[in-house]
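Here is a short report on how two chains pack against each other, with a few backbone details at the end. Start with the sequence and the model.

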2 protein chains.
Amino acid sequence: MDVNALPSKLLEAAVNEMSSLPGIGRKTALRLVLHLLKQPRESVTQFSNSFLTLRNEVKKCSVCSNISDSNTCDICSNPHRDHSTICVVESIKDVMSIEATLQYSGVYHVLGGIISPIDGVGPSDLTIDELMERVAAGSIAEVIVALSTTMEGETTAFYLFKKLALYQVKISALARGVGFGDELEYTDEITLGRSIKNRTPFEKVFGASS
Amino acid sequence: MDVNALPSKLLEAAVNEMSSLPGIGRKTALRLVLHLLKQPRESVTQFSNSFLTLRNEVKKCSVCSNISDSNTCDICSNPHRDHSTICVVESIKDVMSIEATLQYSGVYHVLGGIISPIDGVGPSDLTIDELMERVAAGSIAEVIVALSTTMEGETTAFYLFKKLALYQVKISALARGVGFGDELEYTDEITLGRSIKNRTPFEKVFGASS
């Protein structure tokens, strides 16, 4: 099937838009658009409006930059959370990932990306100044830097460590080591090397689950 | 990541809509919606409107039921096509597939589905009456039934053969046989059996490409 010769300009426009989404090729886009075309008008209206409404009405939490329906997100406005511990993450997806563990009761700070010179992302493009303001305001005891262990993630973490070192605050990072279910034979040398060097008392490793 | 605990109701609504598309799970839907959220407002407006406009403004060709921007599609309104030969297909995707071969110069008739009692699709849900009207009007020399070789496709083809037999019109079907690039060892018995029974003069098989 030649997805470049569509019988309608309107179909062409819709397929172009659908295939602008990451990971959606023209063939998949056509399949999705033809599915929409079969739905009742009200469904397609609801479908389209959901993205418009989201884009136009969703807010960023004024404290942590997580996305929210109001000016302060549910986590930042929850009095039962520990507001003296900030977990710094790259994106709102990471907030969801950590929340899903049910192991963290502090608050977050969403950077909105990581420092990546290749992609033209520098410190000023991220919410680093806002983080420093939160820390400078006092009342923060610990900042957990929870970034991916990629080159860009490590660079950003190092930048944050240097900035945060100016304040009286404990700085920590996610524990590195062998993941749950990993086989040692297939674990890379850097990870294995670090996890032997930073070996942990037995009862501490198994403390969370027992 | 727990994709069932989203930090915003607007995000939740958009992810629900996106994951209503076939083959798009909640995790992919979230990824796509977060991508949209990063785009400029005008892009999201254009994205959303493309589906609304398509659904509300696209037309069905009054002759062949192919989708079209006007009342008669480009193929039906093309005087250089052979209007005495109708190729009957299930969907507009099949029109595109056959057009891409550049081997057919007749016109089409899009059924809009195939007879499938399990899915509750009967002959009256398809454009079979419209096809019979076209044939009854005279001037049609040949009807090519080009449906999938599934159980439902064969059933529909048989139903059409019976209906069309009432008219003075040549009825044909797509040639069945071993596909280009198929290895005989892995070709199923029914296909191989049919292609031996309906063996074709050598010069006819290679006629199209030489």
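## Helix 3 against helix 3

In this predicted model, helix 3 (residues 41-57) of chain A packs on helix 3 of chain B at an angle of about 175°. Their axes are 9 Å apart. Angles over 145 degrees count as roughly antiparallel, so helix 3 of chain A is roughly antiparallel to helix 3 of chain B.

Chain A brings R41(A), V44(A), T45(A), F47(A), S48(A), N49(A), F51(A), L52(A), R55(A) and N56(A) to this contact. Chain B brings R41(B), V44(B), T45(B), F47(B), S48(B), N49(B), F51(B), L52(B), R55(B) and N56(B). By class, the contact of these two helices has 8 nonpolar, 8 polar and 4 charged residues.

## Helix 1 against helix 3

Helix 3 of chain B also meets helix 1 (residues 9-18) of chain A. The two axes come within 9 Å and cross at roughly 150°. That makes helix 1 of chain A roughly antiparallel to helix 3 of chain B. The crossing is left-handed.

On the chain A side, the residues are L10(A), L11(A), A13(A), A14(A) and E17(A). They meet Q46(B), F47(B), S50(B), F51(B), T53(B), L54(B) and E57(B). This contact divides into 7 nonpolar, 3 polar and 2 charged residues. F47(B) and F51(B) are listed here, and they are also listed in the contact between the two copies of helix 3.

## Symmetry

What relates the two chains? A rotation of 180° with 0.0 Å of shift along its axis superposes chain A on chain B, with an RMSD of 0.0 Å. That is the relation of a two-fold axis. In chain A, the C-alpha nearest the axis belongs to S48(A), 2.3 Å from it. S48(A) also takes part in the contact of helix 3 with helix 3.

The copies meet through the same surface, because 100% of the interface residues of chain A are also interface residues in chain B.

## The whole interface

The contact takes 48 residues from chain A and 48 residues from chain B. On the side of chain A that touches chain B, helix 1, helix 2 (26-38), helix 3, strand 2 (67-68) and helix 4 (92-101) each supply at least two residues. Helix 3 of chain A gives the largest share, 15 residues. By class, the side of chain A that touches chain B divides into 26 nonpolar, 12 polar and 10 charged residues.

## Positive phi in chain B

Most residues other than glycine have a negative phi. S65(B) has a phi near 70°, a positive value. S65(B) sits in the loop between strand 1 (59-60) and strand 2 (67-68) of chain B. S65(B) counts as buried, because it has 23 C-beta neighbours inside 10 Å.

L102(B) has a positive phi too, near 60°. L102(B) lies in the loop between helix 4 (92-101) and strand 4 (106-110) of chain B. Is L102(B) buried or exposed? L102(B) has 8 C-beta neighbours inside 10 Å, so it counts as exposed.

## Around I86(B)

I86(B) belongs to strand 3 (residues 82-89) of chain B. With 23 C-beta neighbours inside 10 Å, I86(B) counts as buried. Leaving aside neighbours within four places in sequence, I86(B) is in contact with G106(B), V107(B), Y108(B), H109(B), R134(B), I140(B) and V143(B).

P117(B) is 31 residues from I86(B) in sequence. In space, the two are 26 Å apart, C-alpha to C-alpha.

Terms used: Residues are numbered from 1 along each chain as its sequence is written. Chains are lettered from A and ligands numbered from 1 in the order in which they are written. This is a predicted model: local features need pLDDT of at least 70, side-chain atom pairs count only at pLDDT 80 or more; totals for chains, interfaces and linings use all residues. Axes are lines fitted to C-alpha atoms, for helices over the stretch in contact, and angles run from 0 to 180 degrees between N-to-C directions. Helices (H or I, at least four residues) and strands (E, at least two) are DSSP runs, numbered from the N terminus. Angles under 35 degrees count as roughly parallel, over 145 as roughly antiparallel, 65 to 115 as roughly perpendicular and the rest as oblique. A crossing is left-handed if the near helix is turned anticlockwise from the far one by less than a right angle, and right-handed if clockwise. Two residues are in contact if their C-beta atoms, placed from the backbone, lie within 7 Å. Ala, Val, Leu, Ile, Met, Phe, Trp, Tyr, Cys and Pro count as nonpolar, Asp, Glu, Lys and Arg as charged, and the others, Gly among them, as polar. Copies are superposed by least squares on the C-alpha atoms of residues with pLDDT of at least 70 in both. A residue is buried if 20 or more other C-beta atoms lie within 10 Å of its own, exposed if 12 or fewer, and partly exposed in between; C-beta atoms are placed from the backbone.
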